[in-house]
Amino acid sequence: MANPYREGVQAMAAGRYREAVAALQTALADAPHDPQVKLWLVMAYEADRQGQAARDLCRELTTHPDPHIRQQSQRVLYILEAPQLQRKPEWLNEIPLLTEEPSPPLPWGKPRRSPAPELREIVGVAPVGSNDFVPVMLAALSVGLLLWAGWG
């Protein structure tokens with residue numbers, strides 16, 4: 001048995017907004033008082049560029065008896081009714097569609113592969129086994145502690 005609410009939510013997640021609207025409208029017909037279905041339908045309407053339908057349904061939800069639903073729908077309505085930012089053309093970068101004709105080949109031909117860099121031996125690092133610092137410091141510390149203890 002198909003669940004139109006679940007199908008609508010999945011269609012929204014996949015970016016198939018028309019399918020989401022259709023499925024959520026079916027779910028709303030099955031459960032006309034379910035506020036979650038209505039909230040999802042508001043978002044599906046907005047995503048499908050049906051802004052007036054989204055705002056109308058959201059306004060209806062602002063009078064819902066549940067205070068949580070009222071508050072949530074008021075927040076969504078505030079966002080839906082917010083003024084649109086006027087953007088200047090110089091602020092935007094135009095991204096070409098992938099379906100357009102590919103760009104012309106580079107004028108200098110195919111890129112050459114550079115040879116892998118050679119690994120060189122690091123100069124100036126002493127081998128680990130030749131480090132006498134730790135034993136010398138332990139001996140100096142021991143002598144220092146013995147002298148300190150002897151003064152008392």
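How many salt bridges does the structure hold? The answer is five. The model is a predicted one, and this tour visits several of these pairs before turning to a single helix.

**Stop 1: R16 and E19**

Select R16 and E19 and display their side chains. The two residues form a salt bridge whose closest N and O atoms lie 2.8 Å apart. Colouring by accessibility places E19 in the partly exposed class, because its relative accessibility is 45%. R16 is likewise partly exposed, at 39% relative accessible area.

**Stop 2: K38 and E60**

Next, select K38 together with E60. Here the closest N and O atoms of the salt bridge are 2.7 Å apart. This pair connects distant parts of the chain: K38 belongs to helix 3 (residues 35-47) and E60 to helix 4 (residues 51-61), with their positions 22 residues apart in the numbering. Is K38 buried or exposed? K38 is buried, because its relative accessible area of 11% falls under the 20% limit. Its partner E60 has a relative accessibility of 41% and therefore counts as partly exposed.

**Stop 3: R59, E81 and D56**

Move to R59 and E81. Their side chains meet in a salt bridge, at 2.5 Å from N to O. This pair, too, links distant parts of the chain, 22 residues apart: R59 sits in helix 4, whereas E81 lies in the loop between helix 5 (67-80) and helix 6 (133-151). E81 is partly exposed, with a relative accessible area of 41%; R59 is also partly exposed, at 35%. Now add D56 to the selection. Which residues are linked with D56 in a network of salt bridges? They are R59 and E81.

**Stop 4: helix 2**

Finally, select residues 17-30, which make up helix 2. Place a distance label between the C-alpha atoms at its two ends: they are 20 Å apart. This agrees with the expected span, because 14 residues at 1.5 Å a residue should cover 20 Å.

Within this helix, highlight A20, V21, A23, L24, A27 and L28, which are its buried residues. An α-helix has 3.6 residues a turn, so residues three or four places apart point the same way. With the buried set still highlighted, show the neighbouring helices. What do the buried residues of helix 2 pack against? They pack against helix 1 (4-14) and helix 3. Helix 3 is also the helix that holds K38, the residue selected at the second stop.

Conventions
Residues numbered from 1 in each chain as written. Predicted model: local features only at pLDDT ≥ 70, side-chain atom pairs only at ≥ 80, totals over all residues. Heavy atoms only, no water. Salt bridge = Lys/Arg side-chain N within 4 Å of Asp/Glu carboxyl O. Buried < 20%, exposed > 50% of the residue type's maximum accessible area, 1.4 Å probe, protein only. Helix = DSSP H or I, 4+ residues; strand = E, 2+ residues; numbered from the N terminus. Expected span 1.5 Å × (residues − 1). Contact = heavy atoms within 4.5 Å.
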